[in-house]
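Student: I'm new to this one and would like a close look at a single part. Could you take me through the disulfides slowly, and then show me how they sit in the rest of the chain?

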Amino acid sequence: MAVDIQPACLGLYCGKTLLFKNGSTEIYGECGVCPRGQRTNAQKYCQPCTESPELYDWLYLGFMAMLPLVLHWFFIEWYSGKKSSSALFQHITALFECSMAAIITLLIACGLGKSDRFKSIYAALYFFPILTVLQAVGGGLLYYAFPYIILVLSLVTLAVYMSASEIENCYDLLVRKKRLIVLFSHWLLHAYGIISISRVDKLEQDLPLLALVPTPALFYLFTAKFTEPSRILSEGANGH
């Protein structure tokens with residue numbers, strides 16, 4: 001097997017990722033952080049983690065699982081004072097919350113199949129802190145702008161989803177239940193944004209605005225055939 005010869009990477013967590021493999025030839029990139037789910041071998045090449053965790057690894061996972069529960073219990077005791085009855089109930093609910101979160105997370109994990117689908121879970125580790133910072137810094141702006149943010153984002157995400165799913169007519173929309181669920185979810189967001197803007201001060205005038213909820217999806221379905229890229233390219237090649 002031919003492998004490109006390069007200086008070994010320095011450090012315990014630095015390795016080279018496989019870029020190209022053709023038969024017995026393997027080409028690795030520069031030194032860097034190994035992708036998630038991989039670690040370096042003795043030659044400092046990033047390799048997928050296929051072995052079972054060691055005892056120390058399981059103990060670390062147990063520590064990370066217990067840490068939120070212990071912190072819950074600590075602050076329950078800290079703020080409960082002498083109210084032992086209410087504190088006991090809070091201890092039980094904290095135990096139930098952390099246990100169910102751990103169990104449900106493991107059952108999501110078992111049904112995901114492909115490792116790249118874990119990215120949706122890891123993404124929460126990024127967007128929750130981002131939302132916290134946004135709320136702390138721009139809470140006042142969000143208070144006045146959230147109806148418009150909901151409408152704009154729901155319109156954009158609906159258009160992106162329908163385009164990425166290659167939905168061009170009603171049949172494409174009805175062929176899968178998942179697409180209908182996504183559509184109805186966006187309609188709820190549209191309605192939520194409209195109600196937030198109008199505030200339903202005048203019920204007889206504001207409720208008819210909800211009839212506009214299906215308009216973006218219908219407009220997309222009616223105009224998708226005119227903006228389909230392959231059709232535009234073919235007409236351009238024919239001189240139309």
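Tutor: Here is a walk through the disulfides, followed by a tour of the helices and cores around them.

Keep in mind that this is a predicted model. Let's get our bearings before zooming in. The protein chain has eight helices and five strands. Read from the N terminus, the elements go β-β-β-β-β-α-α-α-α-α-α-α-α. There are 240 residues in the protein chain, and buried ones make up 20% of them.

Now the part you asked about. How many disulfides does the structure hold? It holds two. One of them is formed by Cys-9 and Cys-31, with their sulfur atoms 2.0 Å apart. What does this pair tie together? Cys-9 lies in the loop between strand 1 (2-3) and strand 2 (14-22), while Cys-31 is in strand 3 (residues 25-33), so the link joins parts that are 22 residues apart in sequence. Look along the S-S bond of Cys-9 and Cys-31 and you'll find a torsion of about -90 degrees, so this disulfide is left-handed. The two ends have their own surroundings, too. Cys-9 counts as buried because its relative accessibility is 4%, and the cut-off for buried is under 20%. Cys-31, on the other hand, is partly exposed, with a relative accessible area of 37%.

The other disulfide joins Cys-34 to Cys-46, S to S 2.0 Å. Cys-34 sits in the loop between strand 3 and strand 4 (38-40), and Cys-46 belongs to strand 5 (residues 46-48), so this pair ties together parts that are 12 residues apart in sequence. With -80 degrees about the S-S bond, the link of Cys-34 and Cys-46 is left-handed. Buried or exposed, what are Cys-34 and Cys-46? Both are buried.

If you number the bonded cysteines of the protein chain in sequence order, the pairing comes out as 1-2, 3-4. Don't be misled by Cys-14, though: Cys-14 is in no disulfide. The nearest cysteine sulfur to Cys-14 is that of Cys-9, and it is 4.3 Å away. That is too far because a disulfide needs a pair of cysteine sulfur atoms within 2.5 Å. While we're on cysteines, Cys-170 is partly exposed, with a relative accessible area of 46%.

Next, the helices. Helix 1 (residues 55-80) has 26 residues, and at 1.5 Å a residue they should span 38 Å. The end C-alpha atoms of helix 1 are 37 Å apart, which agrees. Still, helix 1 bends by about 30 degrees at Met-66, and a proline, Pro-68, follows within four residues. Which residues of helix 1 are buried? They are Leu-69, Ile-76 and Ser-80.

Two of those names come back in a nonpolar core of five residues, which has Leu-69, Ile-76, Ala-87 and Cys-98 among them. Close by in the list of contacts is His-91, found in helix 2 (residues 84-112). His-91 is buried, with a relative accessible area of 16%. Leaving out residues up to four places away in sequence, His-91 touches Trp-73, Ile-76 and Glu-77.

The largest nonpolar core lies apart from that one. Its seven residues are Leu-158, Met-162, Ile-167, Leu-173, Leu-183, Ala-217 and Leu-221. The elements that give two or more residues to this largest core are helix 3 (119-164) and helix 7 (215-223). Within it, Leu-183 touches Leu-158, Leu-173 and Ala-217, again not counting residues up to four places away in sequence.

One last stop is His-190, in helix 5 (residues 177-198). At 2% relative accessibility, His-190 counts as buried. What does His-190 touch, not counting residues up to four places away in sequence? Its partners are Leu-151, Ser-154, Leu-155, Leu-158, Val-213 and Pro-216. The C-alpha atoms of His-190 and Leu-210 are separated by 8.4 Å, though the two are 20 residues apart along the chain.

Finally, step back to the chain as a whole. Among the contacts in the protein chain with a separation of 6 or more, 41% are between residues 24 or more positions apart. The accessible surface of the protein chain comes to about 18800 Å², and 69% of it belongs to carbon and sulfur atoms.

Terms used: Residues are numbered from 1 along each chain as its sequence is written. This is a predicted model: local features need pLDDT of at least 70, side-chain atom pairs count only at pLDDT 80 or more; totals for chains, interfaces and linings use all residues. Side-chain values use heavy atoms; hydrogens and water are left out. Buried means under 20% relative accessible area, exposed over 50%, partly exposed in between (1.4 Å probe, protein chains only). A nonpolar core is a set of buried Ala, Val, Leu, Ile, Met, Phe, Trp, Tyr and Cys residues joined through side-chain atoms within 4.5 Å. Contact means heavy atoms within 4.5 Å. Accessible areas come from the Shrake-Rupley method with a 1.4 Å probe; for residues, only the protein chains shown count as cover. The expected span of a helix is 1.5 Å times one less than its number of residues. The bend at a residue is the angle between axes fitted to the seven residues ending there and the seven starting there.
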